[in-house]
Amino acid sequence: MRAEQLATAVDTDPRYSGIARLREETRFYDAVIDEIDGRRIRIGEHWLTDWASCNYLGFDLEPQIIGAVEEQLRRWGTHPSWSRMLGNPRLYPVIEERLAALLGAPDTLVLPTITQIHLSVIPALAGQGTILIDSRAHKTIWDGCVFARAQGATLTRFRTLDELADRLAEATTSPILVCMDGVNSMTGNIPDVRRYLDLCRAHGAVLYIDDAHGFGVIGARSEDETSPYGTMGNSIIRYCGESYDDVVLVGGFSKAYSSLLAFLALPTVLKNRLKSAAAPYLYSGPSPTASLATVLAGFDVNAERGDKLRADLHRMSMRVLNHVRGLGVFTPNTDDTPIIELPIALDRDLVDVSELLWERGLFVTLAPYPGVPRDQVGFRVQVTAANTDEQIDELNAVIGELAAAGVFQEAREGSAS
Ligand SMILES: Cc1ncc(COP(=O)(O)O)c(C=O)c1O
């Protein structure tokens, strides 16, 4: 039967087999959540603490934001249904203007998801030119680059700043796009954007940077900041004190703002070009009204209380990170963001570790090979402002227990651990 043939092709493809095994053998794939209570979730009979949420500011549970939805639903209906090219509820220009003001960017364009943005915008911007991609960039950026290559762009990876300098010097076609993550979705680390931008500017390249995890968490540094995450949560360019010259910043509301919407910060001339070249603007269904409403209410809460929430997020993240580092356990996170990856020892099996985590009541993101290199296989926890100190105590106790049982890798020379 043809379906079986297709399924076998997926099962035997090394790109998918690691994930397929976890899907069959662990309880952390395709979980059906029956109920939530803050950051506690019920799956069947089991209550677990949710460490897989990326709702960093806790806006998914914020009464002021939840309460803002109904009024907009009554005004606009549940879903606009026009593609953005055809028609835009007034909410769109309001969001784009408020976002540009928050970011301090020349202009913004919002589309439903970052995945859609990468697949449509990278090919449109790169044309027949050159794309240089950081080897640690998110899979969705990679997919956009591969799609651009199929349309005539040249695609090359780089691993370090030195390699980037070499590749930039060798580039023979323009425009040149350098694609990378902002706050890295696996390590939680913050790249030194200034150094990447200096190189880009020296070679006439544009930095295309995806800060899905930084937006809402890190922002402009200030003398009266409430935490080292900076202020306003206005993302990596402002955090690094840089300008938007030669930058296309991509970010999303689906993490810190708990809403289905994503954005580009870019010059107006590029925005207008994308309005005739990016398929999700021209042809896709838009975000639901509820998400537009929660983005706008999220801006209000961010302005009123965001820095206080970020101070708490930083404090709780540090409680976990200090505990991990104190135990001599390796985590790649050296920049103190709320993304804490814990690779397991090379002789441990991720399926066994996942069973232990389930028994101890932790719901986490598993990181299998080949999604990550073999020596980074493990799991990731994210701290959010909606976690409680009791939950952090619980998490730290389990990490301590697993560390004593030799589940983790030891801190490496030169790492923060
Ligand atoms: C760095 C990065 N980019 C893009 C995405 C996908 O974002 P979206 O859900 O808006 O497509 C993610 C999601 O985890 C991510 O971590």
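**Salt bridges, helices and a patch**

Mentor: Let's start with Asp 393: its relative accessible area is 41%, and that makes it partly exposed. Keep in mind that this is a predicted model.

Trainee: Why is Asp 393 called partly exposed?

Mentor: Buried needs a value under 20% and exposed needs one over 50%. Asp 393 has 41%, so it lands in between.

Trainee: What makes the contact between Asp 393 and Arg 319 a salt bridge?

Mentor: The cut-off is 4 Å between a side-chain nitrogen of Lys or Arg and a carboxyl oxygen of Asp or Glu. For Asp 393 and Arg 319, the N to O distance is 2.4 Å, so the pair qualifies. The two residues come from distant parts of the chain, 74 residues apart: Asp 393 sits in helix 15 (residues 389–404) and Arg 319 in helix 13. Arg 319 is partly exposed too, at 28%.

Trainee: Which residues are linked in a network of salt bridges?

Mentor: The network takes in Asp 312, Arg 315, Arg 319, Asp 389 and Asp 393.

Trainee: How do you know whether helix 13 and helix 15 are roughly parallel or roughly perpendicular?

Mentor: Look at the angle. The two helices pack at about 15°, with their axes 10 Å apart. Anything under 35 degrees counts as roughly parallel, so helix 13 and helix 15 are roughly parallel to each other. Their crossing is right-handed.

Trainee: And what about helix 6 and helix 11: at what angle do they pack?

Mentor: Helix 6 (residues 114–126) and helix 11 (residues 268–277) pack at about 110°, and their axes are 10 Å apart. The range for roughly perpendicular is 65 to 115 degrees, so that label fits helix 6 and helix 11. This crossing is right-handed as well.

Trainee: Back to helix 13. How far apart in the helix are Asp 307 and Arg 310?

Mentor: They are three residues apart in helix 13 (residues 289–326), which means about one helical turn lies between them. Asp 307 and Arg 310 form a salt bridge, with the closest N and O atoms 3.0 Å apart.

Trainee: Is Arg 310 buried or exposed, and how do you know?

Mentor: Its relative accessibility is 0%, so Arg 310 counts as buried, given that the limit is under 20%. Its partner Asp 307 has 25%, so Asp 307 is partly exposed.

Trainee: How many salt bridges does the structure hold?

Mentor: It holds 29. One of them joins Asp 246 to Arg 201, where the closest N and O atoms are 3.6 Å apart. Asp 246 is in the loop between helix 10 (235–239) and strand 9 (247–252) while Arg 201 is in helix 9 (residues 193–202), so the pair ties together parts 45 residues apart in sequence.

Trainee: What makes Trp 82 a candidate for a surface patch?

Mentor: Patch residues need over 30% relative accessible area and no salt bridge. Trp 82 has 44%, so it passes on area. Trp 82 lies in the loop between helix 4 (69–76) and helix 5 (91–103). Together with Met 85 and Leu 86, Trp 82 makes a nonpolar surface patch of about 360 Å².

Trainee: Last one: why is Ala 404 called exposed?

Mentor: Ala 404 belongs to helix 15. Its relative accessible area is 72%, and the bar for exposed is over 50%, so the label holds. The C-alpha atoms of Ala 404 and Gly 241 are 42 Å apart, and the two residues are 163 residues apart along the chain.

Note on methods: Residues are numbered from 1 along each chain as its sequence is written. This is a predicted model: local features need pLDDT of at least 70, side-chain atom pairs count only at pLDDT 80 or more; totals for chains, interfaces and linings use all residues. Side-chain values use heavy atoms; hydrogens and water are left out. Patches are made of residues with over 30% relative accessible area and no salt bridge: like charges are joined within 9 Å, nonpolar side chains (Val, Leu, Ile, Met, Phe, Trp, Tyr) within 5 Å. Accessible areas come from the Shrake-Rupley method with a 1.4 Å probe; for residues, only the protein chains shown count as cover. Helices (H or I, at least four residues) and strands (E, at least two) are DSSP runs, numbered from the N terminus. Buried means under 20% relative accessible area, exposed over 50%, partly exposed in between (1.4 Å probe, protein chains only). Axes are lines fitted to C-alpha atoms, for helices over the stretch in contact, and angles run from 0 to 180 degrees between N-to-C directions. Angles under 35 degrees count as roughly parallel, over 145 as roughly antiparallel, 65 to 115 as roughly perpendicular and the rest as oblique. A crossing is left-handed if the near helix is turned anticlockwise from the far one by less than a right angle, and right-handed if clockwise.
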